[in-house]
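Subject: Structure for you to look at

Dear colleague,

I am handing over the structure we spoke about, and below it you will find what turned up when I went through it. Please keep it open beside this message while you read.

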Amino acid sequence: MASSSFPLHLILLAINLLLLPSVVTPSTGRYSAIFSFGDSLADTGNLVFFSGGKDQANRPPYGETYFHRPNGRYSDGRIILDFIAQTTGLPLVRPYPAGRGSEGFVYGANFAVAGACALSNAFYEAEGFNVTWEDYSLGTQLKWFEQLLSSSSVLAPNDALSKSLFVMGEMGANDYSSVLVGDNPIESARALVAPVARAIGAAIDALVRTGAKTVLVSGVFPLGCVPLFLTRFRTRNADAYDPATGCLKWLNELSQHHNLLLQRELRRLRRAHPHSTIIYADIYAAMMAIYTSPSQFGEPPKATASSLSCLVTTNTCHCLANEMGAGMTSTLEACCGGEGPYDYNSSVTCGDPTSTLCSDPWSYVSWDGRHLTDAANQIIAHGIVGGPNVQVSLYGNVDPK
């Protein structure tokens, strides 16, 4: 419970949120605000707030590359959401409820929380799981969004929602991880894919019915290439690994299955809401391109407002995030972590006194064994907002694949 005096760590967090580098003038582009939902890949300070400032994202070296201080993001710098905001000419999206203040949420709000599942705790309890995590699921995040809408003078003008970009960040990885790490069979995780896809679809449906006209929806990343899972499920069976990337094939197949069912759900939603634009962001393909040909990637060219051709108002749009850069050398190792074959150790997390830190995070895909570096996030975001492989028509519908 809160004490009578405001904790110092929360004061420092509030100061950090106010000092975040961002565009402070109103956007003159297509979108007037951004509303974001998701997990740690999209969190900009909410879990740090809920943890009372004790979460690892609130300690060095998090944030060092771009912000030069911890700022609630699970990266050495910016996340994909930040790059999208900067490209649209909008301020970096304020976290909710961590970012509440006199400024309000005129330019949007971020409801994403690290560790969030797509499915509610009630679902897992009904299925007999031992639930040990807080319920920051999509249902909870939607309730916060409803609270924001019911607040006075936080959104302007009246048509703000129709002119806003809604970002449904990657969801599902925590659902599958909570099952797999508990030594449950892969079939248990696969059984969750359909309910997860439906939960994401239900959340998007609710947003569109509330007034959202443009929704960008992320798929799941290649789980088999994440240092956390590569370490947890390490095996001497060479056939378990993709020889071209070193990733675990069975986990990547789980990601692909998720993305397949999610895209089916999005096609259903497009038919149900023909006057809204529901965009699929294929971060799986974007990341696999890096893992397959790392020498072709590195610090990508800066995205500009003119590269937002993908986010035009068409009935359907499939964004394939894949943009050439200058060269990454470390694809499966963590830049910041502990000793281990993938520089990841669950007992020595990034920021611990005994953890190690690379000197060139721009050449790494993984920041801390679970999340992405600023460089990787930039490559993916640049592809989402205007990469050369985006399948979109400025003048008509696109056949969703």
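How many cavities of 30 Å³ or more does the count come to? The count comes to four, and I will return to two of them after some words on the model as a whole.

Please bear in mind that this is a predicted model, with a pLDDT that averages 83 over the chain and reaches at least 70 for 78% of the residues. Two stretches call for care: pLDDT stays under 50 over residues 1–28, where the model has 35 contacts beyond four places in sequence, and it also stays under 50 over residues 300–326, where the model has 111 such contacts.

The chain has 401 residues, of which 57% count as buried, and its secondary structure comes to 11 helices and 10 strands. If you take the contacts between residues at least 6 apart in sequence, 76% of them join residues that are at least 24 apart.

Now to the cavities. The largest cavity has a volume of about 170 Å³ and is lined by 15 residues, with Ile-80, Val-167, Gly-169, Glu-170 and Ser-218 lying nearest its centre. Helix α3 and strand β4 (214–218) each supply at least two residues of this lining, which by class has 11 nonpolar, three polar and one charged residues.

The second largest cavity, at about 100 Å³, is lined by 13 residues, and those nearest its centre are Val-226, Met-287, Tyr-291, Arg-370 and Leu-372. Two or more residues of its lining come from each of α10 (283–292) and β10 (364–366), and the lining divides by class into nine nonpolar, three polar and one charged residues.

The largest pocket holds about 900 Å³ of space. Its lining is made up of 35 residues, of which Gly-115, Asn-174, Ser-177, Leu-228 and Arg-370 lie nearest the centre, and α6 (173–180) and α8 (227–232) each give at least two residues to it. By class, the lining of the largest pocket has 16 nonpolar, 13 polar and six charged residues.

Is Ile-84 buried or exposed? Ile-84, which is found in helix α3 (residues 80–88), counts as buried because its relative accessible area is 1%, under the cut-off of 20%. Leaving aside residues up to four places away in sequence, Ile-84 touches Ile-34, Leu-165, Leu-216 and Val-385. Of these partners, Leu-165 is 81 residues away along the chain, yet the C-alpha atoms of Ile-84 and Leu-165 are separated by 9.9 Å.

Finally, the aromatic rings, for which the count comes to 20 pairs. One of them joins Tyr-66 and Phe-67 edge-to-face, at 4.9 Å centre to centre and with 90° between the planes; Tyr-66 is partly exposed at 25% relative accessibility, whereas Phe-67 is buried at 2%. Phe-123 and Tyr-124 form another edge-to-face pair, with 5.4 Å between the centres and 90° between the planes. Here Phe-123 is partly exposed, with a relative accessible area of 24%, and Tyr-124 is buried at 0%. One aromatic cluster is formed by Phe-35, Phe-37, Tyr-96, Phe-105, Phe-111, Phe-145 and Phe-166.

With best wishes

Key: Residues are numbered from 1 along each chain as its sequence is written. This is a predicted model: local features need pLDDT of at least 70, side-chain atom pairs count only at pLDDT 80 or more; totals for chains, interfaces and linings use all residues. Side-chain values use heavy atoms; hydrogens and water are left out. pLDDT is the predictor's confidence in each residue, from 0 to 100. Contact means heavy atoms within 4.5 Å. Helices (H or I, at least four residues) and strands (E, at least two) are DSSP runs, numbered from the N terminus. Buried means under 20% relative accessible area, exposed over 50%, partly exposed in between (1.4 Å probe, protein chains only). On a 1 Å grid over the protein atoms alone, a cavity is a set of points where a 1.4 Å probe fits but cannot get out, and a pocket is an open set with protein on both sides within 12 Å along at least five of seven lines; lining residues have an atom within 4 Å of a point. Grid points are joined across faces, edges and corners, and a volume is the space filled by probe spheres set on the points. Ala, Val, Leu, Ile, Met, Phe, Trp, Tyr, Cys and Pro count as nonpolar, Asp, Glu, Lys and Arg as charged, and the others, Gly among them, as polar. Rings of Phe, Tyr and Trp (its six-membered ring) pair if their centres lie within 6.5 Å; planes under 30 degrees apart count as stacked, over 60 as edge-to-face and the rest as tilted.
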